[in-house]
Amino acid sequence: MTDKPFKSFAIVGAGPRIGIPIVKAFLAANTPILVIARPSSNVSSLPVDDNNLTVVRADYTSAPNITKVFQEYKIDVLISAVSLATGGVPAQHVLADAAKAAGVKLFVPSEFGPVVQSEEGFAGAKLRFSKYLRSIGLPSLRIYTGLFHEFIPWFGCVDETGTFYIVGEGNVPVTFVAINDVAGYLVHVLTNHGPSRLFDAELRIEGHRATFSELGAMYKSKVPVVHADAIPTEGISNAAVRQSLHQDFNMGRGSNGYNAATGTDDEVLAKSGNSLWEGHRWLTIQEVLAL
């Protein structure tokens, strides 16, 4: 196999959070992208008038059907943007089997979050799936992004309460990155680097490094900022989830440089993948959230 960049790309899970931004980044780079949508999926948000965009519908639960799609379009790289929250990550096994059967060269699984270092817990499905890809001999590219800038108001309960909540001191650095930077980065590395750099690679990117206390300083001219022992429960959906995440952040687990085995954080490691997009200026939290 040559080490030239890949030529043909497909994505599953083209939803509004990260999937559609990835599609738009491919189109902005004038690079064809195939969107594989479920028969029932609403694709009205996709820019279907672009000649570089092709949309096909297929049953994700049928490996033979998906295999035929990959073969018909001669796909080199499959990108998965399925949702962990809705059970999409375990469902990737069928996609992996189909990709392997069709000769897809690289699978980009749905990571797009902090580094997962344990098979335990809700996010452990990501690590288990990466091991499955290795077991069937399908190369993968895992991209760790930390937290999206755009989700910071959710973590702080701003929309529901009009207040930015911080659990505890909030003095531990966390990795953040803008969604558009994630999408642009993915397209850049896939279209500019070949197998020798991307096969079974784990890339860690960081657009802005900040503690929750520093986020509070950004918010203080907009809304009250409160340090609390717990996330309020009244009127707050998934309060226990947010509470748990804040506790993880206070232990260092929100940084892409965190090492669970040693309990240490490596700031250089946290953004080690940034170098593959040389010269790019990463968006700040203040820019994205108008703070």
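**Exercise 1. A charged pair inside the chain**

In this predicted model, E111 has a relative accessible area of 3% and is therefore buried; find the residue with which E111 forms a salt bridge, and decide whether that residue is buried or exposed.

*Solution.* Begin with the general idea that side chains of opposite charge can pair when their charged atoms come close. The partner of E111 is R142, and the closest N and O atoms of the two lie 2.8 Å apart. Next, place both residues along the chain: E111 sits in the loop between β5 (106-108) and α4 (124-135), whereas R142 belongs to strand β6 (residues 141-144), so that the pair, 31 residues apart, links distant parts of the chain. Then apply the cut-off for burial, which is under 20% relative accessible area; because R142 has a relative accessibility of 2%, R142 counts as buried.

**Exercise 2. Two further salt bridges**

Describe the salt bridges R242 with E160 and R281 with E287, and state for each residue whether it is buried, partly exposed or exposed.

*Solution.* Take R242 and E160 first: their side chains meet at 2.7 Å, N to O, and the pair links distant parts of the chain, with R242 in helix α10 (residues 239-250) and E160 in helix α6 (residues 158-161), 82 residues apart. R242, at 0% relative accessibility, is buried, while E160, with a relative accessible area of 35%, is partly exposed. In the other pair, the closest N and O atoms of R281 and E287 are 3.0 Å apart; here R281 is exposed, at 53%, and E287 is partly exposed, at 39%. As a last step, note that salt bridges sharing partners join E111, R134, R142 and E202 into one network, and that the count of salt bridges comes to 9.

**Exercise 3. The two sides of helix α2**

Which residues of helix α2 (residues 63-73) are buried, and why do they line one face of the helix?

*Solution.* The buried residues of α2 are I66, T67, V69 and F70. Seen down the axis of α2, these buried residues fall within an arc of 160°, and therefore they line one face of the helix. This can be set beside a general property of helices: an α-helix has 3.6 residues a turn, so residues three or four places apart point the same way. Turning to the surroundings, the cover over the buried residues of α2 includes β2 (33-37), β3 (53-57), β4 (77-80) and α3 (92-102). The face turned away from this buried side carries the exposed residues P64, K68 and E72. Just after α2, K74 takes a positive phi of about 50°.

**Exercise 4. The nonpolar cores**

How many residues has the largest nonpolar core, and which element gives the largest share of this core?

*Solution.* The largest nonpolar core has 41 residues, and those with the most contacts inside it are I22, I79, L141, Y185 and L190. Among the elements that give two or more residues to this core are β1 (9-12), α1 (19-28) and α7 (179-192). The largest share, 8 residues, comes from α7. To follow one member outward, consider L190, whose contacts beyond four places in sequence include F6, F26, I79, L106 and L141. A second, separate core of 23 residues includes I66, L78, V104 and L133; I66 is also one of the buried residues of α2.

Technical notes: Residues are numbered from 1 along each chain as its sequence is written. This is a predicted model: local features need pLDDT of at least 70, side-chain atom pairs count only at pLDDT 80 or more; totals for chains, interfaces and linings use all residues. Side-chain values use heavy atoms; hydrogens and water are left out. Buried means under 20% relative accessible area, exposed over 50%, partly exposed in between (1.4 Å probe, protein chains only). Helices (H or I, at least four residues) and strands (E, at least two) are DSSP runs, numbered from the N terminus. The arc is that of the directions from the helix axis to the C-beta atoms. Contact means heavy atoms within 4.5 Å. A salt bridge is a side-chain nitrogen of Lys or Arg within 4 Å of a carboxyl oxygen of Asp or Glu. A nonpolar core is a set of buried Ala, Val, Leu, Ile, Met, Phe, Trp, Tyr and Cys residues joined through side-chain atoms within 4.5 Å.
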